[in-house]
Amino acid sequence: MRVLRRGDGGPAVAEVRSTLAALGLLPPVTGPAEQVLFDPLMEGAIRAFQQQRGLITDGLVGPATYRALRDATHQLGGRPLAYMVSAPITGDDVLTLQERLLELGYDAGRPNGVFVGQTEAALRNFQRDYGLTVDGICGPETVRALRQLSPRARGGRPVLLREQERVRRSGPRLRGKRIVIDPGHGGADTGIVAGDVTEAALMWDLASRLEGRMVATGMEALLSRGPDQCPDESERARFANDAGADLVLSLHTDANSSPHAQGVASFHFGTGNGATSTLGEAMAGLIQRELAKRTGLRDCGTHPKTWDVLRLTRCPAVRIEIGYLSNAEDRARLVDPAFRDVVAEGIVVAVKRLYLLGENDQPTGTFSFADVMAHELLARG
């Protein structure tokens, strides 16, 4: 689909405007579809919706925003839900189903609104336990049972203990951990450009430095793309899932219309309404603290987002925005190879901290790569 923006008109704009009206963000649409315009009021509604959904708040209707708008129109019970291998069903009804199953103690996986095999397995277990037809389809009978049995007390993080237990069982050693390193952009998509410096080239170099350090510790590091490739986010997530990755680290830099914007920020899957990747959130926090401490970049914090590379991966995923190429100070740091070495070391240390679970740890910024290697050698002994 083409990207819709302020000033556009026609049936595609009318469809989006009708969806926004159904969600209570705009008044109902009136007049012929051909005459409906993407006006400032509609742009404001799009921005509000994007902010609610953890999307980039740009006021444009691109593929991600259109998908989220479509998903928002589905409510549990409005259609049957089942596992479709080639084209998984997505929507708010799937998210509600996942949340209900988790509240009832069934491991439906991360509540991300995508009906995957783990969701089907949890649904079948629920149907079996409650004497329903065990078909893995969420139809009227199953919806009624879910509504009758849903706990009165909601909230908390039912996925947290399961995720923590998986990390605990995997042990503190890095050897054998499979990490997908995802350098942003690539190929014809250079990402942000500042003079002769491109985001794609910088992140490819950083990914290579990070890969070398991870391999040295015994981790299996996989790159999501080659230097001349640019898979979309869903393809990158599929690569990580097919590889059985333990973590995904997506590397980017940022830019802003203001030359004063600067700093480092980290992002994990989260809707902003409670659904989150608990380990992704923990990993983002560890990376953010290490990089802010080691590099001196402004600490722009960690944030939940629903970008596909975060939402569609089955393992914890973190996207790191390292500096602003539009800022002269950040740009001077980023083009320095020694600085990229510092960033790579900080990320490796943060990964090690995740698997240590707070045991035998050291203060932020003081754990060196040599310390990591020494710990790995000691653990082998």
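Trainee: Why is tryptophan 307 called buried?

Mentor: In this predicted model, tryptophan 307 has a relative accessible area of 11%. Buried means under 20%, so tryptophan 307 is buried.

Trainee: What makes the pair of phenylalanine 267 and tryptophan 307 tilted?

Mentor: The ring centres are 4.9 Å apart, and the planes stand at 50°. Centres within 6.5 Å make a pair, while planes under 30 degrees apart count as stacked and over 60 as edge-to-face. An angle of 50° fits neither of these classes, so the pair is tilted.

Trainee: How do you know that this pair links distant parts of the chain?

Mentor: Phenylalanine 267 belongs to strand E6 (residues 264-269), whereas tryptophan 307 lies in the loop between strand E7 (299-305) and H11; the two are 40 residues apart. Phenylalanine 267 has 9% relative accessibility, which is under the 20% limit, so phenylalanine 267 counts as buried.

Trainee: How many aromatic pairs are found in the whole structure?

Mentor: The search finds 3. One of them joins phenylalanine 126 and tyrosine 130, with 4.9 Å between centres and 35° between planes. Because 35° is neither under 30 degrees nor over 60, this pair too is tilted. Ring pairs also link Tyr106, Phe126 and Tyr130 into a cluster.

Trainee: Why is tyrosine 130 called partly exposed, and what is phenylalanine 126 called?

Mentor: The relative accessible area of tyrosine 130 is 39%. Partly exposed lies between the 20% and 50% limits, so the term applies to tyrosine 130. Phenylalanine 126, at 0%, counts as buried.

Trainee: How do you know that arginine 225 has no salt bridge?

Mentor: The nearest side chain of opposite charge, aspartate 182, is 5.8 Å away. A salt bridge requires a separation within 4 Å, so arginine 225, although buried, has none.

Trainee: What does the side chain of arginine 225 reach?

Mentor: It reaches the backbone oxygen of histidine 185 at 2.7 Å. Arginine 225 lies in the loop between strand E4 (220-223) and helix H9 (233-243). Beyond four places in sequence, arginine 225 touches several residues, including Pro183, His185, Trp204 and Arg236.

Trainee: What makes strand E1 largely enclosed?

Mentor: Of the 6 residues in E1 (residues 178-183), 5 are buried, so the strand is largely enclosed by the rest of the structure. The corresponding count for E5 is 7 of 8 residues, so E5 is also largely enclosed.

Trainee: How do you know that E1 pairs with E4 and with E5?

Mentor: At least two bridges are required for a pair. E1 and E4 have 4 bridges, and E1 and strand E5 (residues 247-254) have 5, so both meet the requirement. Each pairing runs in the parallel sense. Isoleucine 181 has leucine 223 as its bridge partner in E4, whereas in E5 proline 183 stands opposite leucine 251 and isoleucine 179 has leucine 247 as its partner.

Trainee: Which strand pairs with E5 over 6 bridges?

Mentor: Strand E8 (residues 317-324) does, again in the parallel sense. There, aspartate 254 stands opposite tyrosine 324.

Trainee: Why is cysteine 315 called buried?

Mentor: Its relative accessible area is 7%, and the limit is 20%, so cysteine 315 is buried. Cysteine 315 is placed in the loop between helix H11 (308-311) and E8. Outside its neighbours within four places in sequence, its contacts are with Arg110, Ala245, Asp246, Leu247 and Val248.

Notes:
Residues numbered from 1 in each chain as written. Predicted model: local features only at pLDDT ≥ 70, side-chain atom pairs only at ≥ 80, totals over all residues. Heavy atoms only, no water. Buried < 20%, exposed > 50% of the residue type's maximum accessible area, 1.4 Å probe, protein only. Lys, Arg positive; Asp, Glu negative; His and termini not counted. Polar contact = N/O pair within 3.5 Å; in protein donor to acceptor, adjacent residues only side chain to side chain. Contact = heavy atoms within 4.5 Å. Phe/Tyr/Trp six-rings, centres within 6.5 Å; stacked < 30°, edge-to-face > 60°.
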